[in-house]
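This report covers a helix pair and a sheet with its packed helices. Please have the sequence and the structure at hand.

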Amino acid sequence: MKKLDIKLMHPVEQINMVIGRIYEKGMTTTSGGNISIRDKNGDIWITPSAVDKGDLTPKDIVCVKADGTVVGLHKPSSEFPFHKAIFDARPDINAIIHAHPPGLVAFSITRQVPNTNITPHFRSVCGKIGYAPYGCPGSEDLGKKIADQFINSDSKAVIMENHGVVLGGSDMLDAYQRFETLELCCCILISAGKLGKINALTDEQIQQYRAQIPSKADRFSDPGYPSDELAIRRDMVNIIHRACEQGLMISTFGTVSARWNKNDFLITPHNVSRWNITADNIIQVKNGMTEDNKNPSYQVKLHQRIYEENPHINSIITTQSPNLMAHSISGTKFDVRTIPESWIFLQDVPSIPFGSLFDDIDGMAKMFDKNRVVLIENDCAVVTGDKLLNTFDYLEVAEFSANSLVMAASVGPLCPMGDAEIDELRVAFSAIIR
C-alpha cells in the first residue's frame with residue numbers, strides 16, 4: 001500500500017495515485033472521469049484527454065498555466081472548462097474529482113440527491129449535496145451550471161444530471177475521501193432500498209450524537225515500544241489495509257483495536273486516512289489514558305469497556321461495510337441462518353438502537369459475552385474476536401452473508417435454516433461456537 005503524503009507529493013504524483021486507486025476500485029472506466037489540482041501558483045494540473053486511466057503515469061498529467069498555456073504530452077481533459085469554473089468560483093477548493101461510479105450514477109440518472117443523513121459520519125464528510133442540470137460535456141454551459149451550484153451553496157459535492165458527480169476538496173486527499181464516502185453512502189442506500197424502508201436521521205439527532213463525542217482523554221508520555229507491542233501494530237496496519245482493499249473499510253471510517261497487556265490495548269487514530277495508516281499512527285491506551293500528542297478514535301471508550309467486561313475478547317473492529325450497513329439503516333433483521341458457515345461463525349446478530357454507542361456503553365460491552373457481532377442502527381457494525389485475524393474473518397463472513405441477503409431480496413423470500421438444523425450445528429461445532 002503506497003503512502004499518500006499530500007504535503008510532500010507533486011501534483012502529478014497525487015493525481016496519478018488517486019486516479020489509479022479510483023480505477024482499481026471500479027469507480028471509473030478506462031475513458032471516464034477526470035481529476036485536477038490547483039497549485040499555489042494558480043496553475044491547474046489535470047488528467048489528459050483520451051489516455052487509458054488504468055495505465056496513466058505522472059508524465060501523462062497535463063498542466064494548464066494561469067495564462068492558459070498548456071504544458072504536457074497530451075491535451076487536457078475535455079472537461080477542463082468546468083474544473084476551471086469551479087476553481088474560479090471557490091477559492092477554498094484546490095482539488096476536483098469527476099467520475100461515474102455506479103452508486104452515484106444511479107442517483108444521477110434518476111435525478112435524485114442522496115440523503116447523507118443515514119449516519120452522522122456520512123453527513124459530516126459529505127455535507128450538503130448540490131444538483132446541476134444537464135449540460136453538454138466539455139461545454140461552457142456545463143461549466144456555468146456546475147459553478148453556479150458551488151457558488152450558491154457551501155456544497156463540495158454536486159450530482160450532475162445524467163452525468164455522474166463532481167466533488168471538490170481543500171486538497172486531493174480531502175476530495176478523494178469525500179468522493180469515496182459519498183459513493184459508499186449511495187451504494188448503501190441502494191442496497192437498503194432492496195431490503196425495506198430506509199431510516200434516515202434528523203439533523204437534531206446528528207447534532208446530539210456529535211455533541212456526545214468525547215473530548216481528549218488523559219494523556220501519558222514515554223510509552224515505550226517493546227517487541228510484542230510493535231508486532232501488534234504491524235498486524236493492525238496489515239489488517240486495516242486489507243480491509244480497505246476488500247471494501248470492508250474506507251479511508252474515512254473504521255476503528256481497529258487489539259488487547260496488548262491485561263486491559264491495555266492499541267487503537268487506531270481519529271482523522272487519519274485508513275488506507276494510508278502506518279504503525280506510527282497506532283495509539284497505546286493504558287488505564288484509560290492515551291499516548292501524548294495522539295488523538296484516538298472516538299470509539300475508544302467503547303473498546304475499553306468491551307475489553308474490561310470480556311476477558312475472552314482480544315480484538316475489535318468497528319466499520320461501515322456496505323451490506324451490513326444496508327441492514328443497519330433499513331432496520332431489517334440480519335438473519336445469519338442462511339448457510340451453516342454463517343451461523344457457526346456469527347450465530348445470531350442483534351441490532352441495537354442508534355445512540356447506544358454513547359447512551360449505553362456498559363450495556364453494549366456486556367452484549368459481547370454472547371455475541372461476536374452487533375449492529376448499531378444508523379451507525380456501524382462492531383465485530384469482536386480472540387485474535388485479530390479471527391475478528392477480520394468474522395467481519396468478512398458477516399459482510400458476505402449480508403451481501404447474500406441483499407441479493408436474495410431480488411430473488412425471492414428468504415428460507416432460513418430451522419431450529420432443528422441450528423441445534424444440530426450446535427452439537428457438531430460446539431468447539432467453535434462459544
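Which residue stands opposite Q284 in β12? The residue facing Q284 of β12 is L266. The model is predicted, and the sections below place this pair in its sheet before turning to the helices.

## The sheet

An open sheet is formed by nine strands, with mixed pairing and the order β9-β13-β12-β11-β10-β14-β17-β16-β15. Its edge strands, β9 (219-220) and β15 (351-352), each pair on one side only.

General background on pairing is brief: strands of a sheet pair through backbone hydrogen bonds, in either a parallel or an antiparallel sense.

## From β11 to the β9 edge

β11 and β12 run antiparallel and are joined by three bridges. L266 and Q284 are opposite one another across this pair of strands. On to the next neighbour, β12 pairs with β13 in the antiparallel sense over two bridges, and here V285 stands opposite T290 in β13. The hairpin of β12 and β13 has two residues between the strands, and N287 takes a positive phi near 50° in that hairpin.

Strand β13 (residues 289-291) also pairs with β9, in the parallel sense and over two bridges. On that side T290 of β13 has R219 opposite. T290 thus appears in both pairings: opposite V285 and opposite R219.

## Helices on the sheet

Helix α9 (residues 300-309) lies across five strands: β10 (255-261), β11 (264-267), β12 (283-286), β14 (315-319) and β17 (380-385). Its direction is at about 145° to β11.

Helix α10 (residues 322-330) also packs on the sheet, where it touches β14, β16 (373-376) and β17. The direction of α10 makes about 55° with that of β16. Both β14 and β17 are therefore listed for α9 and for α10.

## The α3 and α6 pair

Two packed helices are described by the angle between their axes and the distance between the axes. For helix α3 (residues 102-109) and helix α6 (residues 172-195), the axes come within 7 Å and cross at roughly 70°. Angles of 65 to 115 degrees count as roughly perpendicular, and α3 and α6 are therefore roughly perpendicular to each other. The crossing of α3 past α6 is left-handed.

On the α3 side the contact is made by P102, G103, L104, A106 and F107. The α6 side contributes F179, L182, E183, C186, C187, L189 and I190. By class, this contact has 10 nonpolar residues, one polar and one charged.

Technical notes
Residues are numbered from 1 along each chain as its sequence is written. This is a predicted model: local features need pLDDT of at least 70, side-chain atom pairs count only at pLDDT 80 or more; totals for chains, interfaces and linings use all residues. Side-chain values use heavy atoms; hydrogens and water are left out. Axes are lines fitted to C-alpha atoms, for helices over the stretch in contact, and angles run from 0 to 180 degrees between N-to-C directions. Helices (H or I, at least four residues) and strands (E, at least two) are DSSP runs, numbered from the N terminus. Angles under 35 degrees count as roughly parallel, over 145 as roughly antiparallel, 65 to 115 as roughly perpendicular and the rest as oblique. A crossing is left-handed if the near helix is turned anticlockwise from the far one by less than a right angle, and right-handed if clockwise. Contact means heavy atoms within 4.5 Å. Ala, Val, Leu, Ile, Met, Phe, Trp, Tyr, Cys and Pro count as nonpolar, Asp, Glu, Lys and Arg as charged, and the others, Gly among them, as polar. Two strands pair if DSSP finds at least two bridges between them.
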